[in-house]
Amino acid sequence: MGGSEMGGMIMGGMRQVAPVAIMLIFAILLFSIMYDAGLFEPLVRSITRFAGHDPLRIALATAFLGAVTSLDGDGTSTVLIVVTAFLPVYLRIGMNPLIIALLILLTNTMINIIPWGGPTARVASALNLDVMEVFMGLIPAAMLGLVYAAGIAWWLGLRERKRLGWAPGKDMLLTEVSAKVPVIDRSHQRPHLVWVNLILMLGMAAAMGTGLAPLPVVMVVTFALALLINYPRLAEQKRRIAAHADNAVTVATLIFAAGVFTGILTGSGMVDAMSESFVTVIPDAAGSHMALITAFASLPFTFFMSNDAYFFGIIPILAAAGAEYGVDPMHIARASMLGQPVHALSPLIAAIYVISGLLKREVGELQRFALLPAIGASLVFIAGAVITGAIN
């Protein structure tokens with residue numbers, strides 16, 4: 001293999017992932033701008049008022065807020081918003097704060113299949129698939145996963161009601177308990193533009209759903225309008241972009257680096273060679289079920305591996321092996337994402353340490369509390385994908 005061939009493979013891989021990288025950069029910046037502008041602040045206030053001091057309502061409200069705030073594709077902002085809103089309430093009435101972590105995990109991993117979410121963008125880049133097609137096929141299964149999350153919230157809320165002896169009208173405030181929670185900077189909020197921002201985001205959703213324009217174009221145009229409407233002065237725009245550039249550039253760098261990796265892996269024939277070796281150890285009778293095998297294998301794989309190693313190193317091999325048996329790579333792509341609830345508890349990701357630090361609980365304690373419900377969420381996700389035909 002000559003240097004010129006290697007260069008061609010690298011450029012080919014980068015060209016394949018460029019649309020995904022552009023979409024991710026502007027999606028991250030767009031949703032960050034919307035959070036800065038306070039688009040979701042009225043919703044947060046309404047949810048916390050609804051919750052009151054009833055453990056059942058608090059648990060349900062936690063799950064709902066976790067789902068809504070996961071739409072930006074960035075788990076860190078979800079954790080900060082939900083913990084800031086609910087940790088003081090949990091501590092005041094004596095609820096177990098680990099419930100917050102579990103409900104964020106269950107809802108965030110279902111919402112995070114959005115096109116600008118990490119797993120979808122990675123697997124679409126790795127297999128050179130349409131990110132919207134990967135996403136649309138998993139929506140019904142994710143909705144079933146959210147129903148499961150709501151059921152867990154309901155069960156935990158009833159259990160906490162019983163444990164705390166809650167009754168209507170009973171004062172549940174435990175004034176001796178205090179909480180130290182992160183403070184969200186609200187100086188950049190634009191409350192008078194909430195309705196304008198909401199209309200803008202609904203317009204973006206309509207454009208995505210109808211295929212009015214390619215997804216990267218929709219994101220770029222919506223971001224430009226959001227920035228101009230909320231922060232018309234150039235100095236403000238620079239500050240808002242700079243505040244979130246870290247996250248956007250990191251993700252874009254990752255996607256382009258993955259393009260280099262997959263370009264070489266595919267162009268050199270390494271994927272084909274590895275998949276042929278893999279096929280030899282799979283019984284012929286099981287070959288047609290490669291998507292289902294991938295789905296169940298995703299639980300341990302994603303727990304013990306980083307998403308990057310899994311999606312860019314393992315999944316192309318499984319997809320190529322599945323192709324030998326006539327399995328659609330789209331089904332392999334979707335199946336590979338179904339273990340994400342378990343992946344959220346992996347010691348290899350930063351988010352689990354962030355939320356453990358905010359809740360002041362050990363990582364091991366959080367894992368023990370959430371592992372079985374997380375496995376249940378993955379199994380429900382798999383069942384939903386099979387039932388709806390997202391995989392077969």
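## Arg 161 and its partner

Arg 161 is partly exposed, at 23% relative accessibility. The model behind this report is predicted. Arg 161 forms a salt bridge with Asp 54, and the closest N and O atoms are 2.6 Å apart. Arg 161 belongs to helix H7, residues 131–164, while Asp 54 sits in the loop between helix H2 (41–51) and helix H3 (55–68), so the bridge ties together parts that are 107 residues apart in sequence.

The two ends differ in exposure class. Asp 54 has a relative accessible area of 8% and is buried. Arg 161, at 23%, is partly exposed. The cut-off explains the split: buried means under 20% relative accessible area, and partly exposed lies between that and 50%.

## Other salt bridges

The count of salt bridges comes to 5. Side chains of opposite charge can pair when their charged atoms come close. Among the bridges is the one between Glu 160 and Arg 163, at 2.8 Å from N to O. Both residues lie in helix H7, 3 residues apart, about one turn of the helix. An α-helix has 3.6 residues a turn, so residues three or four places apart point the same way. Glu 160 is buried, with a relative accessible area of 3%. Arg 163 is partly exposed, with 49%.

Arg 190 and Glu 236 also meet through their side chains, at 3.2 Å from N to O. Arg 190 is in the loop between H7 and helix H8 (194–210), and Glu 236 is in helix H10 (residues 234–267), so this bridge ties together parts 46 residues apart in sequence. Both Arg 190 and Glu 236 are buried.

## A charge over a ring

Arg 159 takes part in a contact of another kind. Its charged end sits over the ring of Trp 155, 4.8 Å from the ring centre.

## Helix H13

Helix H13 covers residues 290–304, which is 15 residues. From first C-alpha to last, H13 reaches 21 Å, close to the 21 Å expected at 1.5 Å a residue. H13 nevertheless bends, by about 40° at Ser 298. A proline, Pro 300, follows within four residues of Ser 298.

Which residues of H13 are buried? They are Met 290, Ala 291, Thr 294, Ala 295, Ala 297, Ser 298, Leu 299, Thr 302 and Phe 303. The bend residue, Ser 298, is therefore under the 20% cut-off for buried residues.

## Aromatic pairs

The aromatic pairs come to 4. One of them joins Phe 301 and Tyr 310, with 6.1 Å from centre to centre and 40° between the planes. This pair is tilted, because 40° is neither under 30 degrees, as stacked requires, nor over 60, as edge-to-face requires.

Phe 301 is partly exposed, with a relative accessible area of 30%. Tyr 310 is buried, at 0% relative accessibility. Phe 301 and Tyr 310 form one aromatic cluster with Phe 311.

## Positive phi in two loops

Asn 128 is not a glycine, yet has a positive phi of about 55°. Asn 128 lies in the loop between helix H6 (118–127) and H7. At 44% relative accessibility, Asn 128 is partly exposed.

Lys 360 is not a glycine either, and its phi is positive at about 60°. Its place is the loop between helix H17 (351–359) and helix H18 (363–387). Is Lys 360 buried or exposed? Lys 360 is exposed, with a relative accessible area of 60%.

## Ser 356 in helix H17

Ser 356 is in helix H17. Ser 356 is buried, at 4% relative accessibility. Leaving aside residues up to four places away in sequence, Ser 356 touches Arg 361, Glu 362, Val 363 and Leu 366. Val 363 and Leu 366 are within the range of helix H18, residues 363–387.

## The chain as a whole

The protein chain has 18 helices and 0 strands. Of its 392 residues, 52% count as buried. How many of the contacts between residues at least 6 apart in sequence join residues at least 24 apart? The share is 81%. The bridge between Arg 161 and Asp 54 spans 107 residues of sequence, and the bridge between Arg 190 and Glu 236 spans 46.

Key. Residues numbered from 1 in each chain as written. Predicted model: local features only at pLDDT ≥ 70, side-chain atom pairs only at ≥ 80, totals over all residues. Heavy atoms only, no water. Salt bridge = Lys/Arg side-chain N within 4 Å of Asp/Glu carboxyl O. Buried < 20%, exposed > 50% of the residue type's maximum accessible area, 1.4 Å probe, protein only. Expected span 1.5 Å × (residues − 1). Bend = angle between axes of the 7 residues up to and from the residue. Contact = heavy atoms within 4.5 Å. Phe/Tyr/Trp six-rings, centres within 6.5 Å; stacked < 30°, edge-to-face > 60°. Lys NZ or Arg CZ within 6 Å of the ring centre and 35° of its normal.
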